[in-house]
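User: I should like to go through this structure and ask on what grounds each description rests.
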Amino acid sequence: MRHLLSTTDLTQDEALSILDTARELAQVADRPVKKLPTLRGRTVVNLFFEDSTRTRISFEAAAKRLSADVINFSAKGSSLSKGESLKDTALTLQAMGADAVVIRHGASGAAHRLATSGWIRGAVINAGDGTHEHPTQALLDAYTMRDHLRGNTGSLEGLNVVIVGDVLHSRVARSNVWLLDTLGANVTLVAPPTLLPVGVETWPCQINYDLDEAIVKADVVMMLRVQLERMNAAFFPSAREYSRRYGLDAQRMRTLPDHALVMHPGPMNRGMEIAADVADADRSVILDQVTNGVHVRMAVLYLLLGGQEA
Ligand code: NCD
């Protein structure tokens, strides 16, 4: 593995090695000094063309815990607002000696472009490209499921995962469907037909339009944010109607099996796809997802930058 661009190119062995490495590295978080010298002298650039809270901070924390130098570069306040191209930005970063570039970009395929262009010699990590993929999010989600439901060592074989909501605009859903399939889980997508992408019937998952029916056998229910900023038309009649059919409220949550987890990648629209009391419920592992994101990103940086040789 030289880059991490998509979960479709991860083999089961590669995915499990990331999850196992993350479990080992998670132990660092319990120490008073949360730092390993592994990536000392290496430079990780966070190149964020789109807004982000969790993902950017998480990559920064992960790189710093491994003692890498971190350069944060966001579109606002840079020459990008003067019209500088992705190519010139990439060449500048290369000239500064970036060993890894973590990129988030509004265009699907931006991370691939960076990885295959030759502009950058280091590893490229996709931190979300348009509506395409967000592989580290899927890996942290799988880590969280494995940790809570399989003792953090077992396989996800046969786990029933229901992913609900705005699949059309969700790179999180795409990355999760492929990774979970690779890991042996059964994925069901629940969404209004208008929020499912063209070609979804070829994805390795089931489709159900009825949330109440889908969740009774769920081990995990993952709610997706309704991505209003990517919607230029009306995809559903009203927010109220959406919540009623596709939102998770306390009443609906009570129909879940006792052990089932509620997940959300964040940021949440409380009251829309997820009720506030559900987000804060005991079975909600949304903040664990955030914590595990750091472990998983440490593992990805460690494996891509060849921590051992360094
Ligand atoms: C997601 C994203 O940006 O793709 N958030 C995240 O990375 N945690 C999902 C979203 O924006 O709804």
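User: What makes strand β1 and strand β3 partners, and which way do they run?

Analyst: In this predicted model, five bridges join β1 (residues 43-48) to β3 (residues 100-105). Pairing requires at least two bridges, so the two strands count as paired; they run parallel. Within this pair, Leu47 stands opposite Ile103 of β3.

User: What is the order of the strands in the sheet, and how are they paired?

Analyst: The sheet is open and has four strands, in the order β2-β1-β3-β4, with parallel pairing.

User: Why are β2 and β4 said to stand at the edges?

Analyst: Each of them, β2 (69-74) and β4 (123-129), has a single partner strand, so one side of each lacks a neighbour in the sheet. On average, neighbouring strands of this sheet are turned by 15° against each other, direction ignored.

User: Why is Ser58 called buried?

Analyst: Its relative accessible area is 5%. The term buried applies under 20%, and Ser58 is therefore buried. Ser58 belongs to helix α2 (residues 54-65).

User: How does the span of α6 compare with what is expected at 1.5 Å a residue?

Analyst: Helix α6 covers residues 171-182, which is 12 residues, and reaches 17 Å from its first C-alpha to its last. The expected value is 16 Å, and the span is close to that.

User: What makes α6 a mostly covered helix?

Analyst: Nine of its 12 residues are buried. Among them are Arg171, Val172, Ala173, Leu179 and Leu180.

User: Which contact is found at the start of α6, and what makes it a polar contact?

Analyst: A side-chain oxygen of Ser170 comes to within 3.3 Å of the backbone nitrogen of Val172. The limit for a polar contact is 3.5 Å between N or O atoms, so this pair qualifies. After the helix comes Gly184, with a positive phi near 95°.

User: Which residues are around the ligand?

Analyst: They include Thr55, Arg104, His134, Gln137, Arg225 and Gly266. Two residues of α6, Arg171 and Val172, also belong to this group.

User: How do you know that Thr55, Arg225 and Gly266 make polar contacts with the ligand?

Analyst: A polar side-chain atom of Thr55 lies 3.0 Å from a ligand oxygen atom, and one of Arg225 lies 2.7 Å from a ligand oxygen atom. For Gly266, a polar backbone atom is 2.9 Å from a ligand nitrogen atom. Each distance is within the 3.5 Å limit, so these pairs are polar contacts. The protein covers 94% of the 320 Å² of accessible area that the ligand has on its own.

Definitions and conventions:
Residues are numbered from 1 along each chain as its sequence is written. This is a predicted model: local features need pLDDT of at least 70, side-chain atom pairs count only at pLDDT 80 or more; totals for chains, interfaces and linings use all residues. Side-chain values use heavy atoms; hydrogens and water are left out. Axes are lines fitted to C-alpha atoms, for helices over the stretch in contact, and angles run from 0 to 180 degrees between N-to-C directions. The expected span of a helix is 1.5 Å times one less than its number of residues. Buried means under 20% relative accessible area, exposed over 50%, partly exposed in between (1.4 Å probe, protein chains only). A polar contact is a pair of N or O atoms within 3.5 Å; within protein, one must be able to donate a hydrogen and the other to accept it, and residues adjacent in sequence count only if both atoms are side-chain atoms. A residue is near a molecule or strand if one of its heavy atoms lies within 4 Å of it. Accessible areas come from the Shrake-Rupley method with a 1.4 Å probe; for residues, only the protein chains shown count as cover.
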